[in-house]
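Biologist: I'm new to this one, so could you walk me through it? Let's take it a question at a time.

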Amino acid sequence: MTRTKRVETVTAIFFVLPGLIIYVGFWIYPFMSAVYLSFHRWSLGLGQIQFVGIKQYVSLVQDNNFWNALRNTFFFMGTTVPLFMVISLFLAVLVNRGIKGIGIFRTAYYIPVVTSLVAVGVIWSWLYDVDYGLLNFFLTKLGFSPFLWLSGINTALPSIILVYVWQQAGFYMVIYLAGLQNIPEVYYEAAKIDGAGWWPQFRHITLPSLSEVTFVVLIVAAIQSWRMFALVHVMTEGGPLGSTELILNYLYDRAFRAFQMGYSSSIATIMFVFLVFFTLLQWKIRKRR
Amino acid sequence: MNDKRNEVTRRILLYVLLSAVAAVMVGPFLWSLSTSLKLGKETYIFPPTFIPSTVRWSNYLTVLQTAHFPRYFLNSTIVTVARVIATLLTASLAAYAFARLRFPKRDMFFFFFLVGMMIPPQVTVVPKFLIIRRFNWIDTYWGIIVPGLFTPFALFVFRQFFLAIPVELEEAAIIDGCNHFQIFCKIILPLSKPVFATMAIFRFVFCWNELLWPLVVINSEEMRVLQVGLAIFKIEGMFQYNLLMAAAVMAVIPTLGFFLIFQRYFVRAQALTGLKL
């Protein structure tokens, strides 16, 4: 190594070291530790850590609560992702114009995104209140009967989904908007000269040009949906009867209420495998197109 | 003549649609503000009133005086500001090394850092908890702050930005015999204000709004951060909804205010997230 390279390497060590220590200590090591723990049974404070190998995963597979949480999470992902793709695109198209004051509207649509899910959950819990909530007030005014919202077994999870989509729509709108603004105006002008109306323009210019962006939205939204914890924790705590318990809520319950460190690590590892699988699957699909 | 009328009608309809959507987006916040100013007995009536008949600003005082609400604010501020500043420092320094310094296996090393971005935080929650516990940092500021002193995403963003700065600007300094730290401080930093602002805001919003990790680390009431405190207020039914709304409004104001002032940086930060993939 030349002298300069040696100097640069030593300097680099100093520059990188702080970040490296935190990164290895709180990202890499915990990840490996999670996989390691997933093969052990360990009730914190109650006993010693024991190696049980695959047995823990077997218990997991036989755990109805686990399947319930997994089912709910898949449902959550399967509804929020398409909703974002449609609604956020609609919003982006709506605000993609230079009319006066459009900036104010864009800002307004982004406001829910910066507010915490805890506050959002609290506010919407009040909106969803069966007896005194604003939503049931509007419903009864329009002649419908009051809706159960968070209190009904079949309505609770959709209600939470609605809140989440409301909060995050602006986030994906910004991504779509960037994509829309990259489409050359000339395409639309050419189409107009050819006499194409807005729908053909949308179908044949806008949508194909957005395929990259749509893919990004799809992946980000799918991955993000697996991280949902706060809304459920605040609005329903997993109820009624576990109908809103998502995989992360279940993990939290096993780890920090039942203190089962090994078992919760198995859940975590499975989550990771699912996410990797999904991401790879989507990359593969995209490559084929 | 007809065309012009059509044009005006279309424009009006557009604004109506835009406003309707805006009402949906902003409405719940206005409603929570309205509820937060009501008396308890006016909160629980049907049909509800939109403008409180008596405006009770004292609801906010009540929330501030019960429980340790101001303390929650303080805790949130401490753990958030600490992590924001630390992340900016650790990530920008490391990014400089990856962008400007040559050392063996540099690119492989960088990839090593990127891999962490793919690990979902919840996978590491339990082991992180066990590590914090071993350091006796449960229920302390350290427990919340230390794992958040660095993120690979910040490293990625800073490096992208630094790579785009022309090397020529540093060459004069190198000839003058400046060491890399001086180059970093005197040349790179002043040129990096936009990326620092963007990352600061991004990190601030994330840390301020975070629930899971503080919830895991904290046990005692005085150490709660704002989000944890608010969540517990709601879950344990500590307050009637008018007071709960006042608490929610107070929890929202910091990030909301921040956003309204620094809007363009938010959009920029978020565009970077989209580019992350």
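Modeller: Sure. One term before we start: a polar contact is a pair of N or O atoms within 3.5 Å, and within protein one must be able to donate a hydrogen and the other to accept it. Keep in mind, too, that this is a predicted model.

Biologist: With that in hand, how many residue pairs are in polar contact across the interface of chain A and chain B?
Modeller: Here both residues of a pair must have pLDDT 80 or more. Across the interface of chain A and chain B, the rule then gives a count of 16.

Biologist: Which helix gives the most to the side of chain A that touches chain B?
Modeller: That side of chain A divides into 66 nonpolar, 14 polar and eight charged residues. The top contributor spans residues 3-37 and puts in 23 residues. So you're looking for a helix of chain A, and by the DSSP numbering from the N terminus the name is helix 1.

Biologist: Which residue forms a salt bridge with A:E8?
Modeller: Between chain A and chain B the count is one salt bridge. Its closest N and O atoms are 2.8 Å apart, and the cut-off is 4 Å. The partner of A:E8 is B:R102.

Biologist: How much area do chain A and chain B bury between them?
Modeller: The contact takes 88 residues from chain A and 93 residues from chain B. Of the buried area, 80% is on carbon and sulfur atoms. The total comes to about 8200 Å².

Biologist: Which three residues supply more than any other three of the area that chain A buries against chain B?
Modeller: Together they supply 11% of what chain A buries against chain B. The trio is A:F15, A:F26 and A:W126.

Biologist: Now a pocket. Which helix of chain A gives the most to the lining of the second largest pocket?
Modeller: This pocket holds about 1200 Å³ of space, and 27 residues line it, with A:V93, A:N96, A:R97, A:W198 and B:R10 nearest its centre. Helices 3, 7, 8 and 9 of chain A, plus helix 1 of chain B, each supply at least two lining residues. With six residues, the top giver is helix 3 of chain A.

Biologist: How many residues in that lining of the second largest pocket are nonpolar?
Modeller: Five of the lining residues are polar and six are charged. The nonpolar class numbers 16.

Biologist: Last one: which residue has a positive phi although it is not a glycine?
Modeller: Look in the loop between helix 11 and helix 12 of chain A. A:P240 lies in that loop, and the peptide bond from A:G239 to A:P240 is cis, with omega near -10 degrees. The residue with a phi of about 55 degrees is A:L241.

Notes:
Residues numbered from 1 in each chain as written. Chains lettered and ligands numbered in written order. Predicted model: local features only at pLDDT ≥ 70, side-chain atom pairs only at ≥ 80, totals over all residues. Heavy atoms only, no water. Contact = heavy atoms within 4.5 Å. Buried area = accessible area lost by both parts, 1.4 Å probe. Salt bridge = Lys/Arg side-chain N within 4 Å of Asp/Glu carboxyl O. Polar contact = N/O pair within 3.5 Å; in protein donor to acceptor, adjacent residues only side chain to side chain. Helix = DSSP H or I, 4+ residues; strand = E, 2+ residues; numbered from the N terminus. Nonpolar A, V, L, I, M, F, W, Y, C, P; charged D, E, K, R; others polar. 1 Å grid on protein atoms, 1.4 Å probe; cavity = no way out; pocket = protein on both sides within 12 Å on 5 of 7 lines; lining within 4 Å. Points joined across faces, edges and corners; volume = space filled by probe spheres on them.
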